[in-house]
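Me: I would like to work through the charged and nonpolar side chains of this structure, one question at a time. Could you show it first and explain each term when a step depends on it?

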Amino acid sequence: MTRCATRGRCVLVAAAVVLLAGPCLASCSGRDGDEAREGLPAPSAVASTPSPQATPSASATTDPQVGAALQRLRAASRAAQAAGATSMTGSSSTAGERGTVRATGDLRSGAWEATVRAPRTRLEVRSRYNTTWVHADRTFWLRSGYTPASARAGARGWVLMEPSAGDRLRDQLDPGRVLGRAAALRPADVARVRADEDRFEVDLDDDSGARTTFVVTRRGTPALRSVRLRGEGVRADFDLRLLREPVVVATPRPDEVVRP
């Protein structure tokens, strides 16, 4: 069995955690120091390279279905780029709490936006030209480690994120990043491939025992249909589809942007 640290899982684990705990943003939105970091949740694992311990298994490197499935994933990414826009919707749960995600992305410009809802919090994210803004309620900022006063200020408008936090959110919620990760998979990353008449299911296992599965069409137009994660205390299911209409992401007005 091949174990890949987080090559595909990083996208989904973070998306599951952001629903419930906040993606470690307090020190990435113009705040730093011990006070800003106090009570901050532990960051999600978002490494983009395989574990040094990961080695290709015999089945992963010799099974012809692995090569065929990875070709379909790459073709699905090209088809999405040609279409120009995609959406990602689904739900995830961590420690028994469930939330939902809806995200849309323009694959040509790189602009994307997302709405995340959980039982005790809600946030919106907009990103254009590598600039990211977050609009969230007071509960979200408190759970991200903000002081009560800063959390109230942050809840009054859009918070401009520093580049590192914006890139972290893109890893978590941008449909284009999910497609890109799927297209970049290598045979050594794959634990197994299951196939039926209509689809391939590509499994990646990591060192924690979590499994990410990419589901791609086997026949007809190449399309990444869904991605799911199963791990200890974490479950996530996301469906992807191509959009006929372009995605337009509005930039917040200057008077809507706040600095907590």
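Reply: Buried means under 20% relative accessible area and exposed means over 50%, while partly exposed covers the values in between. Please keep in mind that this is a predicted model.

Me: Is Arg 211 buried, partly exposed or exposed?

Reply: The relative accessible area of Arg 211 is 30%. Because buried requires a value under 20% and exposed a value over 50%, a residue in between belongs to the middle class. Arg 211 is therefore partly exposed.

Me: With which residue does the side chain of Arg 211 meet in a salt bridge?

Reply: Side chains of opposite charge can pair when their charged atoms come close. For Arg 211, the N to O distance to its partner is 2.9 Å, and a salt bridge needs these atoms to lie within 4 Å. The partner is buried, with a relative accessible area of 3%, and the residue that Arg 211 meets is Asp 205.

Me: Which residues are joined with Arg 211 and Asp 205 into one network?

Reply: The network arises from salt bridges that share partners. One salt bridge in the structure links Asp 203, which is buried at 0% relative accessible area, to Arg 194, with the closest N and O atoms 2.3 Å apart, and both of these residues belong to the network. Besides Arg 211 and Asp 205, the members are Arg 192, Arg 194, Asp 196, Arg 199, Glu 201, Asp 203 and Arg 228.

Me: How far from Arg 72 is the nearest side chain of opposite charge?

Reply: Arg 72 lies in helix α4, and although this residue is buried, it has no salt bridge. Leaving aside neighbours within four places in sequence, its contacts include Phe 200, Val 216, Gly 220 and Pro 222. The nearest side chain of opposite charge belongs to Asp 198, and its distance from Arg 72 is 9.4 Å.

Me: Which helix gives the largest share of the largest nonpolar core?

Reply: In soluble globular proteins, nonpolar side chains tend to be buried together. The largest nonpolar core here has 45 residues, and among those that touch the most other members are Leu 73, Trp 141 and Phe 214. The largest share of this core amounts to six residues, and they come from residues 64-83, which form helix α4.

Me: How many residues make up the second, separate core?

Reply: Apart from the core just described, there is a second one that includes Ala 85, Ala 111, Val 247 and Val 249. The number of residues in this second core is five.

How values were computed:
Residues are numbered from 1 along each chain as its sequence is written. This is a predicted model: local features need pLDDT of at least 70, side-chain atom pairs count only at pLDDT 80 or more; totals for chains, interfaces and linings use all residues. Side-chain values use heavy atoms; hydrogens and water are left out. Buried means under 20% relative accessible area, exposed over 50%, partly exposed in between (1.4 Å probe, protein chains only). A nonpolar core is a set of buried Ala, Val, Leu, Ile, Met, Phe, Trp, Tyr and Cys residues joined through side-chain atoms within 4.5 Å. Helices (H or I, at least four residues) and strands (E, at least two) are DSSP runs, numbered from the N terminus. Lys and Arg count as positive and Asp and Glu as negative; His and the chain ends are not counted. Contact means heavy atoms within 4.5 Å.
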